[in-house]
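Work through the exercises below with the sequence and the coordinates open. Try each task before reading its solution.

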Amino acid sequence: MDMEDEKIIGMAASEEYARWAHDATNPEDIFHKPEALDDMLVIDASYGSFAGLFASSMLSELGAEVIRIEPPGGDIARKMTPYGMMIKDTGLGYMVEGRNKFHVTLDLNTEEGKEIFRKLANKADVLIETFKPGYLDGLGIGYRQLRETNPGLIYCPIYVYGQFGKDVEKYGNQPDYDITNQARGIIMSITGEPDLDPEVPDAYKRPLKQGNWMGWYAGGGWAGFGILLAMFHKRRTGKGQMVDCSPSEGMLSMSNYVMQYYHMAQKQMPRAGNYDYAVFPYTYVECKDGYTFISGFTDPNWAALCEIMDRPGLQEQFPTIKDRLNPENQPKIQHEIEKFTKNYTTDEMMRIITSYMKRPDRKGTVATGRMESPKEVLEREHWECRKTFLTTHDPYYGEVLVQNSSLKAMSKTPGRIKWVCRPIGADNEFIYQKYLGIGNTKLNALKEKGVV
């Protein structure tokens, strides 16, 4: 077995299957395969929202031609970046979500800007926007007006409260922020240090937002899914529709059993931190050089974990699932597991558990997974083999690292990254000429007026 073959096979149970899966989805072949959405035209008119940006990014990865409309000065989302770090005119977050899109500028508050917007929308399959509910409608360029001349238009407004309802009436003048989506989407209320761990100071037992913009990304993901379903309907009937996307509802749909727990128990689900009140052990534990995941929930799997640790007494102390789900017991179990894992590095723990799992007399299944840092991820051979990250040499932005398409491992129509981003208004000349026949003379006149 040569080195390349070894990378492909890894820990696969079947070497033949691993080779087949690699050949079917080989990332080296992506650009030799067709794109699923190469006949779709999308206008992304979102502003200050990574929900809209993420939705159009997924469509662009699958081949849709996405026209990204920004105000003449650029979208405020370009400024949302850690510590103010910029690459030219663009922040790190937007650099990720500008991929594969054509960038134009347009002032929607001018009469000429509205007319240009209408003409572009008449040619589009999809329009994404993240303004306050009814804002574009008030300008005469919302879905009610645009569908009159383009009945096949799929119109996807994304807003924290949705497009109607009591809260839209009360808070409809508020912008759509990720943190609002996280707060309304209930998951934030159960994220943070465990409420029931006596070793955690009460001052630390407070709601905690997720470190990434999960509210926006959940909303954008559901928006993209809804758009694809609407496109499926359009291909059959020729008719478009509205896809009203509320990111906070998207978060609620991912909240496990939190709402059901309240309905049954009439009290809020306590924050569990690294514990889990539905499955345990199912946690991160400390090792010599970091943290690793450990699970051993069912009785056979718990027996296997105790055998690995050579702690039969621990199995006898907490013999049933009910014992292990008891919130008072979970900190005790956690600390006992860590008495073992702290003696080993994370790689050593992986080898110990992998070796046990190969034993024919094993009592059950124990899973583990090392907690990785960005540095370790980029150094890991596994991701290199799968071409998970790309380093591109952009003519404007220079050398940029981006993650490859999450949909790249499709055997027939894989997603792909064709370019990283574009400067503000970089494609004005190309797009306005291609779709509206606007040449340089008129474009320069529009620029002087501040329309583009």
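**Exercise 1. A helix and its span**

What should the 12 residues of helix H16 (residues 330–341) span at 1.5 Å a residue, and how far apart are its end C-alpha atoms?

Solution. The model is a predicted one. Start with the expected span. It is 1.5 Å times one less than the number of residues, so the 12 residues of H16 should cover 16 Å. The end C-alpha atoms of H16 are 16 Å apart, so the two values agree.

Next, look at burial. Buried means under 20% relative accessible area. By that cut-off, 9 of the 12 residues of H16 are buried, and the helix is mostly covered. Among them are Ile333, Ile337 and Phe340, but also Gln334, Glu336 and Glu338.

Last, find what covers them. The buried residues of H16 pack against strand S8 and against four helices: H13 (299–309), H14 (312–317), H15 (321–325) and H17 (346–357).

**Exercise 2. The parallel sheet**

Give the strand order of the open sheet of 5 strands, and find its edges.

Solution. The order is S5-S2-S1-S6-S7, with parallel pairing. S5 and S7 have a single partner strand each, so they stand at the edges and one side of each lacks a neighbour in the sheet. On average, neighbouring strands are turned by 20° against each other, direction ignored.

Now check the pairs. S2 (residues 65–70) and S5 (residues 101–105) are joined by 5 bridges. Within that pair, Arg68 has His103 as its bridge partner. S1 (residues 41–44) pairs with S2 over 4 bridges, and Val42 stands opposite Val66. S6 (residues 126–129) pairs with S7 over 4 bridges, and Ile128 stands opposite Cys156.

Then turn to the side chains at the edges. From S5, Lys101, His103 and Thr105 point one way, while Phe102 and Val104 point the other way. All of these S5 residues are buried. From S7, Ile154 and Cys156 point one way and Tyr155 and Pro157 the other. They are all buried too.

Finish with the helix on this sheet. H10 lies across S6 and S7, and runs at about 165° to S7.

**Exercise 3. The antiparallel sheet**

Which strands form the open sheet with antiparallel pairing, and in what order?

Solution. The sheet has 3 strands, in the order S8-S9-S10. S8 (282–287) and S10 (367–370) are the edge strands, each pairing on one side only. Neighbouring strands here are turned by 25° against each other on average, direction ignored.

Take one pair. S8 and S9 (residues 290–295) are joined by 6 bridges. Cys287 stands opposite Gly290 in S9.

Now step back to the loop between helix H12 (258–265) and S8, where Pro281 is found. The peptide bond between Phe280 and Pro281 is cis, with omega at about 0°.

**Exercise 4. A residue in a loop**

Is Asn150 buried or exposed?

Solution. Place the residue: Asn150 lies in the loop between helix H7 (143–149) and strand S7 (154–157). Its relative accessibility is 8%, so Asn150 counts as buried. Then list the neighbours. Leaving out residues up to four places away in sequence, Asn150 touches Ala121, Asn122, Lys123 and Ala124. A polar atom of the Asn150 side chain lies 2.7 Å from the backbone oxygen of Ala121.

**Exercise 5. Positive phi**

Locate Tyr83 and Ile186, and classify the accessibility of each residue.

Solution. Begin with Tyr83. This residue lies in the loop between S2 and strand S3 (86–87). Its phi is positive, about 55°, although Tyr83 is not a glycine. Tyr83 counts as exposed because its relative accessibility is 84%.

Go on to Ile186. Its place is in the loop between helix H9 (178–184) and helix H10 (214–237). Phi of Ile186 is near 70°, again a positive value in a residue other than glycine. Relative accessibility is 22%, so Ile186 counts as partly exposed.

**Exercise 6. An annotated segment**

Compare the annotation on residues 213–232 with the secondary structure there.

Solution. Read the record: an unreviewed UniProt entry annotates residues 213–232 as "transmembrane region". Then read the model. Over this stretch the chain is 95% helix and 0% strand. The end C-alpha atoms of residues 213–232 are 29 Å apart.

How values were computed. Residues numbered from 1 in each chain as written. Predicted model: local features only at pLDDT ≥ 70, side-chain atom pairs only at ≥ 80, totals over all residues. Heavy atoms only, no water. Pairing = 2+ DSSP bridges. Helix = DSSP H or I, 4+ residues; strand = E, 2+ residues; numbered from the N terminus. Axes fitted to C-alpha atoms, helices over the stretch in contact; angles between N-to-C directions. UniProt positions renumbered as here; feature names shortened; annotations may be inferred. Buried < 20%, exposed > 50% of the residue type's maximum accessible area, 1.4 Å probe, protein only. Polar contact = N/O pair within 3.5 Å; in protein donor to acceptor, adjacent residues only side chain to side chain. Contact = heavy atoms within 4.5 Å.
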